[in-house]
Amino acid sequence: MDKSKHFVLHSHFAPSGDQDQAIEALTQSIKSGSRFQTLMGVTGSGKTFTVANVITNLNRPALVLAHNKTLAAQLYSEFKNFFPENAVRYFVSYYDYYQPEAYIPSSDTYIEKDASVNDRIERLRLAATKALIERHDVIVVASVSCIYGLGKRENYEDAIIYFRVNDKVDQHEFLSSLVNNYYERNDYNLEAGKFRVRGDTVEIFPAYEEDRCIRVTFFDDEIERIDITNPLTGRIIEKVSQASIFPAQHYVTQRDAIEKAAPMIQDELAKAEQEFISQGKHIEAQRIKMRTLYDLEMLNEAGYCSGIENYSVYLDGRKHGEAPGTLIDFFPDDFIMIVDESHITLPQVRGMFNGDRARKKVLVENGFRLPSCLDNRPLEWHEFEGKINQAIFVSATPGDYELKASSRVIEQIIRPTGIPDPEVEILPAVNQIDDLIDKLRDTAAKNQRALVLTLTKRASEDLADYLTELKFKVKYIHSELNTFERAELIRDLRAGNVDVLVGINLLREGMDLPEVTLVAILDADREGYLRSYRSLIQIMGRAARNIDSKIILYADNITESISKAVGETKRRREKQIAYNKANNITPQSIIKDVADLLPPELAGAFDEKNKSGARTQAKSKNYLERLDVKTLEELMWDAVSSLDFEKAAMIRDIIAKLEK
């Protein structure tokens with residue numbers, strides 16, 4: 001690993017407000033050996049900039065953990081801008097659509113695993129682990145998918161192919177090693193994860209590269225030359241004396257591992273089959289026998305089978321119950337973890353294991369999988385906690401765990417822009433829709449944007465439809481949208497193509513929306529998760545980047561959460577106003593170019609996957625009715641080509657309705 005490079009922060013502005021004291025306090029806390037510390041920073045106070053300065057001061061690799069792909073993409077873009085000379089990488093789930101294997105006993109319904117993989121995100125994941133092995137100046141922005149099994153780091157590193165000019169290497173053995181590393185030969189179309197052979201020249205397009213290939217020229221059984229080339233033009237970019245090829249996937253299985261695993265899988269199969277028979281479950285016994293024997297045959301013949309990860313405990317050489325290898329294992333011992341929006345992210349991590357286990361236990365009990373599939377899992381909470389070296393929890397509303405575990409809680413309340421927390425107005429919920437429409441008309445007339453939060457999905461859909469009838473430019477942001485579609489919707493809001501976004505809780509944490517001047521929370525007095533103190537504070541934060549912002553809570557009763565949230569907002573507002581007065585600061589709204597939320601490499605993934613994402617998401621009539629005619633026509637012809645005439649007819653009727 002190269003430790004010579006240091007983090008170099010690029011920024012047009014210097015720390016201001018209370019960023020200086022937060023940077024100093026966090027840096028000293030970590031240097032003194034404190035394991036956990038919390039940065040309690042309000043929305044718009046520049047928490048990411050503070051963290052970037054801390055990383056620079058410490059000069060240690062960092063894992064930035066976010067609770068969803070959209071927030072991770074925004075953080076990735078920000079850190080790339082701060083550290084253009086260093087390795088900033090992105091690691092999230094590479095599925096655009098994922099339906100896990102499941103069984104519903106009540107209806108005897110087996111659901112086969114179905115997934116749509118985003119090739120670009122898979123490339124970025126591979127680039128992240130490659131950087132962690134090669135460099136020390138690495139920041140990886142990841143979603144909670146980083147706690148899922150990735151395969152053992154040792155197996156991955158052992159599979160790396162290193163070679164130099166003048167090395168004695170048989171060309172056929174070299175090609176064989178590429179195939180063993182999951183590269184495919186294609187002599188006509190060179191794409192990422194493939195290689196081609198032209199006489200004594202082998203060209204490899206590494207799975208983790210976007211615009212660089214490796215051309216290896218042989219002379220008999222010796223490597224004569226190594227060039228880095230452009231995959232499109234073939235032009236030589238650089239001549240090098242040595243190079244390496246990392247595997248084209250993270251889960252690496254060697255032939256000898258399969259040979260060792262097969263007898264253990266057979267032993268477990270025999271025990272499971274006997275257990276079912278002793279319970280009189282002969283159908284389950286036959287089912288597990290047929291499925292496992294088929295998988296074993298595929299492993300022996302092809303070295304791979306569908307659901308190979310379910311046998312990972314044997315293929316990795318782990319003991320039952322032992323933690324799987326994850327992205328965290330690729331980090332050196334001195335890394336620091338930054339948990340963004342920790343009040344959401346940490347509970348999400350805590351709940352991953354139990355949800356995964358509950359689904360797989362049903363599969364095991366009904367003969368669809370061997371009990372060892374339970375070892376293919378995310379980390380348990382105590383395992384995750386044990387892998388943390390030192391961490392900074394970042395949130396405007398830290399959870400109880402962060403506050404209790406942290407040796408220091410550092411406040412960052414002052415915004416460099418001088419914008420105080422918006423004023424909060426509480427109005428009766430009885431006539432909330434009529435009053436809301438008047439407020440939205442005023443907002444639209446000023447060319448400003450609004451967010452409206454409802455309690456249920458149905459309420460959001462109905463309100464969005466009603467506002468559309470009233471000629472508002474409105475969209476409903478919902479869970480059926482994938483990461484890239486959601487990013488496009490947020491961009492449309494900022495650009496003015498949409499005036500109002502209606503949703504439940506998808507826009508609470510982390511989104512930077514300076515054009516939003518109105519946040520309206522319907523049924524704010526319905527005490528619960530969506531209207532808790534932390535939820536209300538986070539929702540209010542969406543309107544903290546514009547001096548004209550206002551928060552409206554529609555409530556007939558003042559709940560404890562409302563009272564506490566309004567009180568905290570008032571405290572922060574008064575502190576900012578006092579700071580502005582003392583430092584002669586005139587508050588100014590944030591003016592920010594309307595750019596893609598996603599960086600170019602992810603925006604490209606959106607362009608390629610938008611249609612396929614729509615295909616996988618288009619499962620309900622309700623969703624289809626929200627698409628434009630052009631997209632619907634493409635989906636209709638897709639359905640026809642796949643002989644799904646019933647779906648094609650449904651889409652045809654929706655198109656006819658829209659055209660009227």
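Two strands are taken to pair if DSSP finds at least two bridges between them. By this rule the predicted model holds an open sheet of 6 strands with parallel pairing. The strand order is 20-25-24-21-23-22. Strand 20 (423-427) and strand 22 (474-476) form the edges. Each of these two pairs on one side only. Neighbouring strands of the sheet are turned by 20° against each other on average, direction ignored.

Within this sheet, strand 21 (residues 449-453) runs beside strand 24 (residues 516-521). The two pair in the parallel sense over 5 bridges. Val 452 stands opposite Ala 520 of strand 24. Helix 16 (residues 533-540) lies across strand 20, strand 21, strand 24 and strand 25 (550-554). The helix runs at about 155° to strand 24.

Salt bridges were examined next. A total of 34 salt bridges was counted, with a side-chain nitrogen of Lys or Arg required within 4 Å of a carboxyl oxygen of Asp or Glu. Three of the pairs are described here.

Arg 215 and Glu 203 meet through their side chains at 3.2 Å, N to O. Arg 215 belongs to strand 13 (residues 213-219) and Glu 203 to strand 12 (residues 201-205), so the salt bridge ties together parts 12 residues apart in sequence. Arg 215 has 17% relative accessibility and therefore counts as buried, the limit being under 20%. Glu 203 also counts as buried, because its relative accessibility is 6%.

Helix 16 contributes a salt bridge of its own. The side chains of Arg 534 and Asp 400 meet at 3.3 Å, N to O. Arg 534 lies in helix 16 and Asp 400 in helix 12 (residues 400-405), so the pair ties together parts that are 134 residues apart in sequence. Arg 534 is partly exposed at 27% relative accessibility. Asp 400 is exposed, with a relative accessible area of 59%.

The third pair joins Arg 571 and Glu 411, at 2.9 Å, N to O. This salt bridge links distant parts of the chain. Arg 571 sits in helix 17 (residues 560-582) and Glu 411 in strand 19 (residues 408-412), 160 residues apart. Both residues are partly exposed: Arg 571 has a relative accessible area of 33%, and Glu 411 one of 25%. The pair is part of a network. Through shared partners, salt bridges join Glu 411, Glu 568, Arg 571, Arg 572 and Lys 575.

Notes:
Residues numbered from 1 in each chain as written. Predicted model: local features only at pLDDT ≥ 70, side-chain atom pairs only at ≥ 80, totals over all residues. Heavy atoms only, no water. Helix = DSSP H or I, 4+ residues; strand = E, 2+ residues; numbered from the N terminus. Axes fitted to C-alpha atoms, helices over the stretch in contact; angles between N-to-C directions. Contact = heavy atoms within 4.5 Å. Buried < 20%, exposed > 50% of the residue type's maximum accessible area, 1.4 Å probe, protein only.
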